[in-house]
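I opened this notebook page to record what I looked up about the pockets of this model, and then about one strand and one helix. The entries follow the order in which I checked things.

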Amino acid sequence: LYIKLGWRNIWRNKRRSMVVISSIGLGVFLMIITMSIVNGMNYQMIDNTISTSLGHVSIHKKGFSENLKPSYGFTVQADSLERIRKTDGVTAAAPRVKIQGVVRSSEAAQGVIITGIDPEQERAVSQLAEYILPDEGDGYPDDPDGDWIIISKQMAEKLDLLAGDRIVVMLQDRNNEIVGESFYVRAVYVSPIDSFDKFVVFTGIKKLQAFAAMGGSISEINIRTADRNMAVPVRERLKGIVSLPGIETVSWQEMAPSMMSALQLYDTMMFIFFAIIFITVIFSVANTMIMAIMERFHELGVMKCIGTRPLNIFIMITWEAVGLGFAGMLSGLAAGLLFVAVFSFTGLDLSLFSESMRIWGTGSVIYPLIMMKDIVSSVVIVFMTAVFASVYPALKAARIKPMEALNYI
């Protein structure tokens, strides 16, 4: 009965109630779209980084990530690669050679990370083939020992190069000698990550092994799992497959501590945003309930006179606040989920901020992503906030003295 009375009391002043419901709905709507955009940015940043350079899991020598030198190479048996590919949770694995070097044209020079790949195996672990521009050069290569090189569009512009031009690559080989060789620019790529485009070039793994006097050694085994959340359990299964001194098996979380720090920064930002919504809902609901109580002061006194218990009045006022919060939450949630449903398919074009987005590694088109935990947290936050905001007005109403209320003007 008192819950029903509380719900009906909300609509006694429709205009005021709609203002409060709209403000709560707007807050929830902003909360949902902010979480979905941040989730989408985080997901794309991680996925782009994994798809370009890290992989979900990597097997390499300790210290390799800090020193991309031929001396950190190791030799792996063919049966070890097959065992890795057959491990539960692994979808693909490919060997790579990575060496720091310099590329030079007639116009300029650039320090780079030279990545040797097996084109056929690389397709399964990265998106390099998708990043290559189809109208520039001969496209994605098919041989691991040709004298070709793939550079980014950004690097091509800096070095004043076109597809088909020759470029000199210099590096320090395994014998600590500075060597150089000419390559032709086979293709040009554009990735979503600015720092990747600035410094990474690709060539055939066999060509680079011979160039750097590495024999059959590789720098790392790049592994892709069925899902990025499986990286840690897959890492544990892979430990010991390559049983060589100094070899470590690491997940993408361990290889990119700066990215993990960025995710923690996002979480902190969301916490601050939720706190602002929390405060807004508290003041909106509490102010409305206090006004409603003052308008019905005489009425509440009459209820006390006819024997209504303070607890029942407390429940009625609390339910009014919860009803306002519930109505606002439903409207904001419906609008927010509609926004996510539309833009998760079409994408949210943020080309205006494309340079900033490339620095973060997200790409210029964001696909919002909402998870069940985000929806549940929004509902819980609004519900708890409405209950918290109703405590003082409900206590005030429950403690009304009947005689004072009857004489109240």
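Entry 1, lining of the largest pocket. The model is a predicted one, and I began by asking which element gives the largest share of the lining of the largest pocket. I found that this share comes from α2, with 5 residues. I then listed the elements that each supply at least two residues to this lining, and they are α2 (14-54), β1 (57-61), β2 (90-104), β3 (109-117), α7 (194-199), β8 (200-204), α11 (257-295) and α14 (354-360). In total 31 residues line the largest pocket, and I noted Thr49, Ser53, Leu54, Ser195 and Met255 as those that lie nearest its centre. Sorting the lining by class, I obtained 17 nonpolar, 10 polar and 4 charged residues, around a pocket whose volume is about 820 Å³.

Entry 2, second largest pocket. I next turned to the second largest pocket, for which I noted a volume of about 440 Å³. Its lining is made up of 19 residues, and Asn39, Asn42, Asp267, Met371 and Lys373 are the closest to its centre. The elements that each give at least two residues to this lining are α2, α11 and α15 (372-398), so I wrote down the classes as well: 11 nonpolar, 4 polar and 4 charged.Entry 3, strand β1. Since β1 appears in the lining of the largest pocket, I looked at its cover and its partners. How many of the residues of β1 are buried? I counted 4 of its 5 residues as buried, and the strand is thus recorded as mostly covered. β1 pairs in the antiparallel sense with strand β9 (residues 220-225) over 4 bridges, and within that pairing I picked out Ile59, whose bridge partner in β9 is Ile221. β1 also pairs in the antiparallel sense with strand β10 (residues 247-251), here over 5 bridges, and the bridge partner of His60 in β10 is Glu248.

Entry 4, helix α9. I closed with helix α9 (residues 231-238), where Ala231, Val234, Arg235 and Leu238 are buried. Seen down the axis of α9, these buried residues fall within an arc of 105°, so they line one face of the helix. I then asked what the buried residues of α9 pack against, and I found β1, α3 (78-85), β2, β9, β10 and α10 (252-255). After α9 comes Gly240, and I noted that its phi is positive, near 95°.

Key. Residues are numbered from 1 along each chain as its sequence is written. This is a predicted model: local features need pLDDT of at least 70, side-chain atom pairs count only at pLDDT 80 or more; totals for chains, interfaces and linings use all residues. Side-chain values use heavy atoms; hydrogens and water are left out. On a 1 Å grid over the protein atoms alone, a cavity is a set of points where a 1.4 Å probe fits but cannot get out, and a pocket is an open set with protein on both sides within 12 Å along at least five of seven lines; lining residues have an atom within 4 Å of a point. Grid points are joined across faces, edges and corners, and a volume is the space filled by probe spheres set on the points. Ala, Val, Leu, Ile, Met, Phe, Trp, Tyr, Cys and Pro count as nonpolar, Asp, Glu, Lys and Arg as charged, and the others, Gly among them, as polar. Buried means under 20% relative accessible area, exposed over 50%, partly exposed in between (1.4 Å probe, protein chains only). Two strands pair if DSSP finds at least two bridges between them. The arc is that of the directions from the helix axis to the C-beta atoms. Contact means heavy atoms within 4.5 Å.
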